[in-house]
Amino acid sequence: MFGGGGLTNEKAYALGKFARVVLGTSQIDYNGRFCMSSAAAAGTRAFGLDRGLPFPLEDIPRTGCVILVGSNLAETMPPALRFFDELKANGGTLIVVDPRRTRTADHADLHLAPRPGTDLALALGLLHLVVAEGRVDEEYVDRRTSGWEEARAAAMAHWPEYVERVTGVPVPQLREAVRLFCAPEAAMVLTARGPEQQSKGTDTVGAWINLCLATGRAGRPLSGYGCLTGQGNGQGGREHGQKADQLPGYRKLTDPAARRHVAEVWGVDPDRLPGPGRSAYELLDALGTDIRSLLLMGSNPVVSAPRAAHVEERIRALDFLAVCDVVLSETAALADVVLPVTQWAEETGTTTSLEGRVLLRRRAVAPPRGVRSDLYVMHELAARLGVEKGFPTDPEEVFEELRRASAGGPADYSGITYRRLARENGVFWPCPATPETETAADEAPEGAEDAEDASLDTAAPADDPARDTEGAGAAHPGTPRLFLDRFATDDGRARFAPVSHRPVAEEPDDEYPVLLTTGRVVAQYQSGAQTRRVAELNAAAPGPFVELHPRLAARLGAAEGDPVAVVSRRGRAVAPARITTGIRRTPSSCRSTGRARAGPTP
Ligand SMILES: Nc1nc2c(c(=O)[nH]1)N[C@H]1C(S)=C(S)[C@@H](COP(=O)(O)OP(=O)(O)OC[C@H]3O[C@@H](n4cnc5c(=O)[nH]c(N)nc54)[C@H](O)[C@@H]3O)O[C@H]1N2
Ligand SMILES: Nc1nc2c(c(=O)[nH]1)N[C@H]1C(S)=C(S)[C@@H](COP(=O)(O)OP(=O)(O)OC[C@H]3O[C@@H](n4cnc5c(=O)[nH]c(N)nc54)[C@H](O)[C@@H]3O)O[C@H]1N2
Ligand SMILES: [Mo]
């Protein structure tokens, strides 16, 4: 089975349960592996827990400085842009780290344009300066972290001049970034796919977290590290069991206590639960070998998977493919059976925002005739496979079970109900149940409608924890801010990552002399399965294009709009050229790598 981070919490949960209980297979994973997984791994390694942001978005305007690393949120999360503009209006500063001068970088006080794939060196260079300039928060490092000595030693090997050679970012800009980041009392580092989708993404994010830890900017009010999670339910979709190694509530499939707990909720013998399976790419790569059939829900891997042409070959080698989708995607077009399903406004369900805020979305329009929900599909398939119970079609019923399954886990939803969600404009996990927690059965039917009005009230201040308890007796208020007292590690301390700069997986050479990196556009979404069907969006963004610096364009003899072929060791694509000074000059950055390699390693 293969799922997606756009599925609601209820669907992601049911999918994981379906694989393990109905099919008895370990072979399930999802597209989030191609998204922010490296940040999740780095966050877990450092803090003992992965939640996109450990604070609400509303904290951003009130901090002193934000370093935004490889996020082009002006195009990819336009509604979030206002928090950064408010930050600046309040006197805070914004530093954007992106090889391109993006629409987001246009909002920055300082734009650092590193050579792609060198963020690890950049973060270490900043940490070097923090140490050299005596800006380490020694008391915090002592009391709340471990591993500093090793991380410090690694950072000290990254001299500013060396980092300038590797990254192309001039030393005065490095110094300015440290000054802006360290001057205010609170500051944040936020990463997105730019630094994360690298062969060394986990270490790169670890280096940025190190910068936060050394300066005492994690687990304190208005400070911290966060990952700007992408898909519609990019956060909740990674918590409830559609991952190969995972049980609901962000539990580990290898943890015997977690297995016992979840098996009891599911009414099965814990020994019957399969162990961890293959992760996304390995799973797709194995299609047509020991995996003979696939049920796919919420992803279009023929377009979006790495080595997509190879993955398509693997998919074609299957005996049987079934796809649940809203549209006939490129992947659905290869299926033996396509099950048309409802989406978004056509159905009720919960999602969890990048801040860990669980949100209720109620059905707003009727689906087309004959179109069923993913939950209905799983219910019917389970029944035909001999499992009559445990796969309800009503999302709230699924959520009630998810609450119990997640109880006691890192992402504990047990104190959250649909009724609360509607009333409180979302609830942040972890939110354990208390004796006062209501169940769905307590819910008065007419209450739901008042609640829906309340959910439109987005003005509720997130910084007032009292609002969370309003009208809910002594229910747990939820946790808008994590780590204020301790981190989620065994000893409560955050861990520095012992990381050093290393080159990208493939450096430019004589045969492939140019660096390619990718970015998204506001008018198209993901593989485009949905947005390429909208005429207005296609008019705004008809297809991919290749940005070239004028120097490179001149060298290639390419004019604006000319078709250019991009050739890598893995494939070839042709797209029109767009000539812009907003992108780094590749040739000079190639030369500087050469120097950095040839020079002595400090
Ligand atoms: N309109 C639209 N919105 C979307 C999506 C979409 O497809 N379309 N997808 C959604 C999803 S799933 C996600 S994950 C998010 C992604 O959101 P973002 O992470 O903001 O999106 P990207 O454009 O992939 O990458 C961000 C920036 O990283 C830069 N970059 C490239 N290489 C490097 C590097 O080596 N270092 C650094 N520091 N930066 C680099 C690129 O120039 C780009 O501007 O957006 C979500 N929102
Ligand atoms: N070249 C390249 N590859 C990339 C990326 C990139 O920037 N460049 N980005 C990577 C990232 S960050 C991500 S997140 C992935 C995304 O990769 P994909 O998961 O392939 O992205 P989508 O195009 O959103 O595909 C989701 C599919 O699910 C369907 N769908 C939507 N809602 C529902 C639902 O409720 N139920 C069901 N059953 N189906 C539904 C949609 O119609 C669509 O066909 O791609 C990754 N791959
Ligand atoms: Mo993503």
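Me: Which residue has a side-chain N or O atom 2.8 Å from an oxygen atom of ligand 1?
Reply: This is a predicted model, and a polar contact is counted for a pair of N or O atoms within 3.5 Å. The pair in question joins an oxygen atom of ligand 1 to a side-chain N or O atom at 2.8 Å, and the residue that supplies the latter is Arg 520.

Me: How much of the area that ligand 1 exposes when taken alone does the protein bury?
Reply: Taken alone, ligand 1 exposes 920 Å². Of that area, the share buried by the protein is 96%.

Me: Which residue places a side-chain N or O atom 2.6 Å from a nitrogen atom of ligand 1?
Reply: A nitrogen atom of ligand 1 lies 3.3 Å from a polar backbone atom of Val 97. The contact asked for involves a side chain instead, and at 2.6 Å from a ligand nitrogen the residue is Asp 119.

Me: How many residues of the shell around ligand 1 are charged?
Reply: Among the 30 residues around ligand 1, Asp 98 and Asp 119 are two of those that come nearest. By class, the shell holds nine nonpolar and 15 polar residues, and the charged ones number six.

Me: Which residue has a side-chain N or O atom 2.4 Å from an oxygen atom of ligand 2?
Reply: Lys 11 has a polar side-chain atom 2.8 Å from an oxygen atom of ligand 2. For the side chain of Ser 304, the distance to a ligand oxygen is 2.6 Å. The value of 2.4 Å belongs to Ser 527.

Me: What share of the exposed area of ligand 2 does the protein bury?
Reply: Ligand 2 exposes 930 Å² when taken alone. The protein buries a share of 84%.

Note on methods: Residues are numbered from 1 along each chain as its sequence is written. Chains are lettered from A and ligands numbered from 1 in the order in which they are written. This is a predicted model: local features need pLDDT of at least 70, side-chain atom pairs count only at pLDDT 80 or more; totals for chains, interfaces and linings use all residues. Side-chain values use heavy atoms; hydrogens and water are left out. A residue is near a molecule or strand if one of its heavy atoms lies within 4 Å of it. A polar contact is a pair of N or O atoms within 3.5 Å; within protein, one must be able to donate a hydrogen and the other to accept it, and residues adjacent in sequence count only if both atoms are side-chain atoms. Accessible areas come from the Shrake-Rupley method with a 1.4 Å probe; for residues, only the protein chains shown count as cover. Ala, Val, Leu, Ile, Met, Phe, Trp, Tyr, Cys and Pro count as nonpolar, Asp, Glu, Lys and Arg as charged, and the others, Gly among them, as polar.
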